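Biologist: I'm new to reading structures, so could you pick one strand and walk me through its surroundings? Take it slowly, please.

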Amino acid sequence: MAFSPNGNILASGSGDRMVRLWDTSTGLCFNTLQGHRETIWSVTFSPEGSILASSSHDQAVRLWNVHASLCLKTLQGHTGWVRSVAFTPDGTILASSSIDKMVRLWDTSTGLCLKTLQGHTDWVRSVAFSPNGSILASGSADKTVCLWDPSTGQCLKVLQGHTDRVLSVAFSPDGSILASGGDDGTIKLWNVK
């Protein structure tokens with residue numbers, strides 16, 4: 001699930017292959033976005049809220065115009081389930097992670113894959129951009145978190161310490177701390193200054 005930046009809309013993805021848009025003031029579903037062929041794993045709004053990205057078991061990422069309820073682009077290139085999606089703070093790039101062990105960076109205006117980030121040795125479960133967009137974090141079933149430079153695609157640092165799969169990553173609002181949550185039952189806080 002994901003809230004729109006203004007909090008008026010909640011988007012949810014499901015095993016029924018649909019994205020639903022909910023009015024947070026009434027609790028009513030006002031639209032259903034259809035196009036994925038398998039379970040939807042992740043949804044996220046662009047920073048200005050007009051575009052929604054969704055990722056699925058069908059190995060695709062879709063970009064939706066929230067107001068017109070249209071699929072703008074289908075981003076294909078992953079060879080496994082796409083587990084997580086995240087926009088840069090300016091909305092020009094979307095990161096996607098997959099069980100194919102890759103992170104891909106997409107140009108949101110053209111739909112072209114800009115870079116494929118390789119380094120993880122197992123599923124990449126989660127991606128998150130720092131608040132200024134200078135770092136992309138990815139958490140993997142290989143028990144590591146990678147910090148990437150999105151402009152070059154280079155891995156800046158591999159964070160080790162989890163003893164099981166890393167399921168989620170998130171930056172603090174000022175970007176100085178990265179939190180990672182794992183199947184080992186721990187949440188780790190990393191100083192990424």
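Modeller: Here's a stroll around strand β14 and its neighbours. Keep in mind that this is a predicted model.

Strand β14 covers residues 136–140, and five of its five residues are buried, so the strand is largely enclosed by the rest of the structure. Look at which way the residues face: Leu-136, Ser-138 and Ser-140 point one way, Ala-137 and Gly-139 point the other way, and all are buried.

Now for the partners. Strand β13 (residues 124–129) pairs with β14 in the antiparallel sense, over five bridges. One spot to find is Phe-129, whose bridge partner in β14 is Leu-136. The hairpin of β13 and β14 has six residues between the strands, and Gly-133 there takes a positive phi near 80°.

Then there's strand β15 (residues 144–149), which pairs with β14, again antiparallel, over four bridges. Here Ser-138 has Cys-146 in β15 as its bridge partner. β14 and β15 also make a hairpin, with three residues between them, and Lys-143 in the turn has a positive phi of about 75°.

One last visitor: Ala-95, found in strand β10 (residues 93–98). Among the residues that Ala-95 touches are Phe-129 and Leu-136, the bridge partners you just met. Its other contacts include Ser-84, Val-85, Arg-104 and Val-127. Is Ala-95 buried or exposed? Its relative accessibility is 0%, so Ala-95 counts as buried.

Methods. Residues are numbered from 1 along each chain as its sequence is written. This is a predicted model: local features need pLDDT of at least 70, side-chain atom pairs count only at pLDDT 80 or more; totals for chains, interfaces and linings use all residues. Side-chain values use heavy atoms; hydrogens and water are left out. Helices (H or I, at least four residues) and strands (E, at least two) are DSSP runs, numbered from the N terminus. Buried means under 20% relative accessible area, exposed over 50%, partly exposed in between (1.4 Å probe, protein chains only). Contact means heavy atoms within 4.5 Å. Two strands pair if DSSP finds at least two bridges between them. Lists of a residue's contacts leave out its neighbours within four places in sequence.
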